[in-house]
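Below are my notes on the structure, set out as numbered points for a reader who wants to follow the reasoning residue by residue. Each point can be checked against the coordinates.

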Amino acid sequence: MNRKKIYEEVEEMLSFCEGCFVQKHFRKENGRTFAHQFCLSQCTVGEKLKKLGQELTNLNEK
């Protein structure tokens with residue numbers, strides 16, 4: 001996958017995060033750090049973003 005395609009996928013995935021009820025709820029109830037950790041470790045969108053980031057890193061190393 002090329003860099004431009006990865007960036008396009010990242011932009012598409014981030015659109016799902018805008019207005020996310022779960023993130024807003026966790027941020028209000030537990031704080032920003034908890035909400036961020038949830039998004040990175042348990043949310044399917046966050047997991048996909050991590051994989052895309054790893055692909056981008058691997059492209060930069062080559």
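1. I begin with Leu52, which has its place in helix 4; the model that holds this residue is a predicted one. The relative accessible area of Leu52 is 1%, and since anything under 20% counts as buried, Leu52 is buried. Once its neighbours within four places in sequence are left aside, the residues in contact with Leu52 are Ile6, Glu9, Val10 and Met13. As for Ile6, it stands 46 residues from Leu52 in sequence, yet the two C-alpha atoms are 6.4 Å apart in space.

2. The partner that deserves a second look is Glu9, a residue of helix 1, which runs over residues 3–17. Glu9 has a relative accessible area of 18%, and because the cut-off for buried is under 20%, Glu9 is classed as buried. Apart from residues up to four places away in sequence, Glu9 touches Met1, Lys48 and Leu52, and the contact with Leu52 is thus found from the side of Leu52 as well.

3. The geometry of helix 1 can be checked by its length: at 1.5 Å a residue its 15 residues should span 21 Å, and the C-alpha atoms at its ends are 22 Å apart, which agrees. Beyond the helix comes Gly19, which follows helix 1 and has a positive phi, near 75 degrees.

4. Which residues of helix 1 are buried? They are Ile6, Glu9 and Met13, and because they cover an arc of only 65 degrees around the axis, they lie on the same side of helix 1. This fits the general pattern that an α-helix has 3.6 residues a turn, so residues three or four places apart point the same way. The buried residues of helix 1 pack against helix 4, residues 44–61, whereas the face turned away from the buried side carries Lys4, Glu11 and Glu12, which are exposed.

5. Phe16 also belongs to helix 1, and a reader might ask whether this residue is buried or exposed. At a relative accessibility of 53% Phe16 counts as exposed, because the cut-off for that class is over 50%. The C-alpha atoms of Phe16 and Val45 are separated by 7.5 Å, although their positions lie 29 residues apart along the chain as the count of their separation.

6. Turning to the pair formed by helix 2 (residues 21–30) and helix 3 (residues 32–41), their axes come within 7 Å and cross at roughly 145 degrees. The contact is made by Val22, Gln23, Phe26, Arg27 and Asn30 on the side of helix 2, and by Arg32, Phe34, Ala35, Phe38 and Cys39 on the side of helix 3. The crossing in which helix 2 passes helix 3 is right-handed.

7. A search of the whole structure for aromatic pairs returns two. In the pair of Phe26 and Phe34 the ring centres are 5.2 Å apart and the planes stand at 80 degrees, so this pair is edge-to-face. Ring pairs join Phe26, Phe34 and Phe38 into a cluster. Phe34, with a relative accessibility of 40%, counts as partly exposed, whereas Phe38 is among the buried residues of helix 3.

8. In helix 3 the buried residues are Ala35, Phe38 and Cys39, and because they cover an arc of only 95 degrees around the axis, they are on the same side of helix 3. What covers these buried residues includes helix 2 and helix 4.

9. On the side of helix 4, Gly46 has its place in that helix and is buried, with a relative accessible area of 7%. Not counting residues up to four places away in sequence, Gly46 touches Cys39 and Leu40. His36 is 10 residues from Gly46 in sequence, and their C-alpha atoms are 9.4 Å apart in space.

10. Lastly, Lys28 of helix 2 offers a contrast with the buried positions above, because its relative accessible area of 72% makes Lys28 exposed. Lys28 and Ser41 are 13 residues apart in sequence, and from C-alpha to C-alpha they are 19 Å apart in space.

Notes. Residues are numbered from 1 along each chain as its sequence is written. This is a predicted model: local features need pLDDT of at least 70, side-chain atom pairs count only at pLDDT 80 or more; totals for chains, interfaces and linings use all residues. Side-chain values use heavy atoms; hydrogens and water are left out. Helices (H or I, at least four residues) and strands (E, at least two) are DSSP runs, numbered from the N terminus. Buried means under 20% relative accessible area, exposed over 50%, partly exposed in between (1.4 Å probe, protein chains only). Contact means heavy atoms within 4.5 Å. The expected span of a helix is 1.5 Å times one less than its number of residues. The arc is that of the directions from the helix axis to the C-beta atoms. Rings of Phe, Tyr and Trp (its six-membered ring) pair if their centres lie within 6.5 Å; planes under 30 degrees apart count as stacked, over 60 as edge-to-face and the rest as tilted. Axes are lines fitted to C-alpha atoms, for helices over the stretch in contact, and angles run from 0 to 180 degrees between N-to-C directions. A crossing is left-handed if the near helix is turned anticlockwise from the far one by less than a right angle, and right-handed if clockwise.
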